[in-house]
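I opened my notebook to go through this one with you, entry by entry. Here is what I looked up, in the order I came to it.

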Amino acid sequence: MGGPLVIVESPAKAKTIKSFLPKGTQVIASMGHVRDLPQSASDIPAKVKKEPWSNLGVNVESNFDPLYIIPKSKKKVVKELKAALADADELILATDEDREGESISWHLLEVLKPKVPVKRMVFHEITKEAIQSAMKNYREVDQNLVRAQEVRRILDRLVGYTLSPLLWKKIAYGLSAGRVQSVSLRLLVQRERERRAFVSAAYWDLKAKLLKSKLTFTAQMITWKGKRLATGKDFDENTGKIAAGKKVVLLGEDEAKELQKKLVSETFEVSKVEEKPSTVNPAPPFITSTLQQEANRKLRLSAKDTMRVAQGLYENGYITYMRTDSVNLSTQAIEAARAGVEEMYGKDYLSDKVRTYASKNKNAQEAHEAIRPAGSAFKHPKDTGLSGRELALYDMIWKRTIATQMAEAKQTHVSVILSVDEAEFRASGKRIDFPGFFRAYVENSDDPDAALDDKEIKLPSLKAGDQVDCSDLEALHHQTQPPARYTEASLVKRLDAEGIGRPSTYASIIGTIIDRGYVVRQANALVPTFTAFAVTELLENYFPDLVDLGFTAKMEGTLDEIASGDAQWLPYLASFYSGKDGLASQVEIHEGKIQPDESRQINLDGLSAHVRIGRYGAYLEVEKDGESTRATIPNDIAPADLNEDEVERIIRLKQEGPQSIGVDPETGENIFVLVGQYGPYVQLGEVTEENKKPKRVSLPKGKQPDDVDLDMALGLISLPRTLGEHPETKRPVKASIGRFGPYILHDMGADGKDFRSIKAPDDVLSIELPRALEMLAEPKKGRGRAKAKPLRELGKHPEDGGEVNVFDGPYGPYVKHDKTNASLPKDQDIEKVTLEQALELLAEKKTTKKKTRKRKS
């Protein structure tokens, strides 16, 4: 027989781990689970197809025995694993150390039925030290973890496969419900309801631009005649009026402008100066949920993309295991972080004592450690050879981990009260006394240095009795805003705080509600659809526990108790599903009561029209003079934004039918302005048997059908417009409208395509070649990141004439040319760097990059 057989989940993990194992060890990937519950009727074995429970894949009549099958896609994998096992003298199961990984190992044992010794190897990072340590500490498969995962799988199957068919019958085919999915959806729907109920209010105040010691600063009016001015928090969201019990002054436009005239020429005098020092401690290292939140905020990555990138980083040995609830850092990690701080920032930035973190969640047991760079010495981001999303995520994890062992930031908040006439103004400032960990990591910012500048708000040196000059006094109008919609980051934060689901499942949950058409993204916000409202209302009315936060969190707690062996799984499943109060009975009881017509109607207050769910989505129905009119609601109208004006417009366009606004002189075809499922658009010609798909172009964002005249319609129909040839490439430059709005396109043939968004005041219908060339010559703008200013300009590169400059970055000063950055030596004086030295550093960096690419290929 041969040597050991090690089984992991993926080829990438297999490739990385193999280099750390003894020669002669086979490493094969199982490609995830090798068996699962049936996914479709064709997967159900013939011998049980007639059983009443077969469609569930769980025998609810016999201790909830799951019906496991090997999917067709995994039969080849299983065959290969069995063949490899036949030549092995021992089997080592090296799947991930969480519940899912433990479950995969157990299923492998059940399928392979090994006759050789079996060992379970666990590790939370794929490094030489970690693998060697794991080989000295084998254990058996943890049956409590296996059972906990199996119960979750069974529970999710029972909820999904029992409720989903009910939704198909009562609302629309293809809908689904889920144990955590439906609660998450309800949170989004509740927020959208709050936005519908919100009544906006207006208020005014004054902002003064003041001058002292040649330093300009601003102050906001806060009181008038001894009473506080109303701000947004003083209004009742449901009435738009000042909330009961609030003793404030509400300024209208006239009063604000009158005060502006009165006070602008008056002298402002400092009446009070208050300074409050404070310290800020670094955030704990990342766990799964906080990594998803921060990656969404900083990098605009979805939870699914974050986990996909993190999985790759883990499997290739860059970070520790990415599915974890624990904020603990090992002694090895703390030592590595502290060494990194001292090397990068010096001893002054090192925390006085080792900083440790403890998880607030008592069930934090998904892995042994927080998410951090792998190994006993953290690899600097610039030395990883990573790029794109991988580099961005690793950089964020590296910075957050390093920051945990840095000194706290010290800052002072300054508040200055200024009096003028019978009014008081307040100027607020903030001074960074010692940046501490801010030098490495600032939450919600990907540029610590820029964030430090933003955090500091400078005020002149002031004391009571000082008089300051007012250079400008502005009356400001404010409008209260409805509650913000959830983003992926804020939804994950809420679910985690409520104890709903597990962080490792959030990515798939959010992905599911988007894929099912329950949620659409508007920028970074998650907007529930009308279908989401219908599903949520049905569940709230008939199965309230299943969408209740407390009930779902309690379920999660019980599942954790099963994992630790403190609760029995079978009685729990029986009480949830069976008996008169169980899910099966409740569905049977309510199925006859639920009327499809009622379930497909959505209750939205303040609308004269009915909103219903049909085969092709949501539509309006209005009855007038005994006649009924139905009209599709465009997908870009959110439930909170559907008001009487929108209803009237949609119904009017439907009743009037296609109205030609003119004739295209080239084709002789009529041009129509229509509203469809995806919003308003212009159409050239009618739909006929010969012309089933006439040309259609969406209206630019913000334009309504009533705004379109013949000239605009002809311009839209003519898109894309060829503006001319690019003088360098002799290739066409075009203007058009796409999924993300108007754009300029430089088609460079084999060299690809270069795009630039067209923003106001430029217009897709009137922009000309010279302006388009200007836009193409500008560097593409990042997501809100200001272009860094060089510390020194060294000159032109002899090869292409490009600029060679010195910049200051989070890792110290560096020289830059085109897309190549090269760090300066630590002892190098920035003022003495020459162009020749910079060219040498850049050439060396390019050589290193080429070698890295060769090794990768």
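**Entry 1: a sheet of four strands**

I began with strand β5, residues 90–93, and found it joined to β6 by three bridges, the two strands running parallel. A word on provenance before going on: this is a predicted model. Within the pair, I saw Leu93 standing opposite Arg120 of β6.

Next I wanted the wider setting: in what order do the strands of the open sheet come? I read it as β2-β1-β5-β6, four strands with parallel pairing. As a reminder to myself, strands of a sheet pair through backbone hydrogen bonds, either parallel or antiparallel. The edges are taken by β2 (26–29) and β6 (118–120); each has a single partner strand, so one side of each lacks a neighbour in the sheet. I also noted the turn between neighbouring strands, which is 25° on average with direction ignored.

Then I checked what lies across this sheet's strands. Helix α1, residues 11–18, lies across β1 (4–8) and β2, and runs at about 165° to β2.

**Entry 2: the nonpolar cores**

I turned to the interior. In soluble globular proteins, nonpolar side chains tend to be buried together. Which members of the largest nonpolar core touch the most others? I found Ile17 and Leu642, out of 150 residues in that core. Helix α5 (residues 143–170) gives the most to this core, with ten residues. Apart from this core I found another, of 28 residues, and Ala219, Ala256, Leu418 and Leu473 are among them.

I followed Leu642 a little further. With neighbours within four places in sequence left aside, Leu642 has contacts that include Arg196, Phe530, Leu604, Leu607 and Val611. Its list also includes Leu620, Ile633, Ile637, Val647 and Ile650.

**Entry 3: aromatic rings**

I counted 13 aromatic pairs. How are the planes of Trp168 and Tyr173 set against each other? They stand at 50° with the ring centres 5.0 Å apart, so I logged the pair as tilted. I then looked up how open each partner is: Trp168 is partly exposed at 34% relative accessible area, and Tyr173 counts as exposed at 71%.

I found one aromatic cluster made of Tyr345, Tyr349 and Phe434. Tyr349 also has a charge over its ring, since I see the charged end of Arg439 there, 5.7 Å from the ring centre. A further case is Arg157, which lies over the face of Tyr161 at 3.9 Å from the ring centre.

**Entry 4: two loop residues**

Is Ser302 buried or exposed? It is buried, because its relative accessible area of 14% falls under the 20% cut-off. I placed Ser302 in the loop between α8 (288–299) and α9 (303–315). Beyond four places in sequence, Ser302 is in contact with Asn296, Glu488 and Arg521. For Ser302 and Glu488, I noted 186 residues of separation in sequence and 6.9 Å in space, C-alpha to C-alpha.

My last stop was His797, in the loop between β29 (792–796) and β30 (803–809). His797 is buried too, with a relative accessible area of 10%. Not counting residues up to four places away in sequence, I found that His797 touches Gly802, Val804, His817 and Leu839.

Note on methods
Residues are numbered from 1 along each chain as its sequence is written. This is a predicted model: local features need pLDDT of at least 70, side-chain atom pairs count only at pLDDT 80 or more; totals for chains, interfaces and linings use all residues. Side-chain values use heavy atoms; hydrogens and water are left out. A nonpolar core is a set of buried Ala, Val, Leu, Ile, Met, Phe, Trp, Tyr and Cys residues joined through side-chain atoms within 4.5 Å. Buried means under 20% relative accessible area, exposed over 50%, partly exposed in between (1.4 Å probe, protein chains only). Contact means heavy atoms within 4.5 Å. Two strands pair if DSSP finds at least two bridges between them. Axes are lines fitted to C-alpha atoms, for helices over the stretch in contact, and angles run from 0 to 180 degrees between N-to-C directions. Rings of Phe, Tyr and Trp (its six-membered ring) pair if their centres lie within 6.5 Å; planes under 30 degrees apart count as stacked, over 60 as edge-to-face and the rest as tilted. A charge sits over a ring if NZ of Lys or CZ of Arg is within 6 Å of the ring centre and within 35 degrees of the ring normal.
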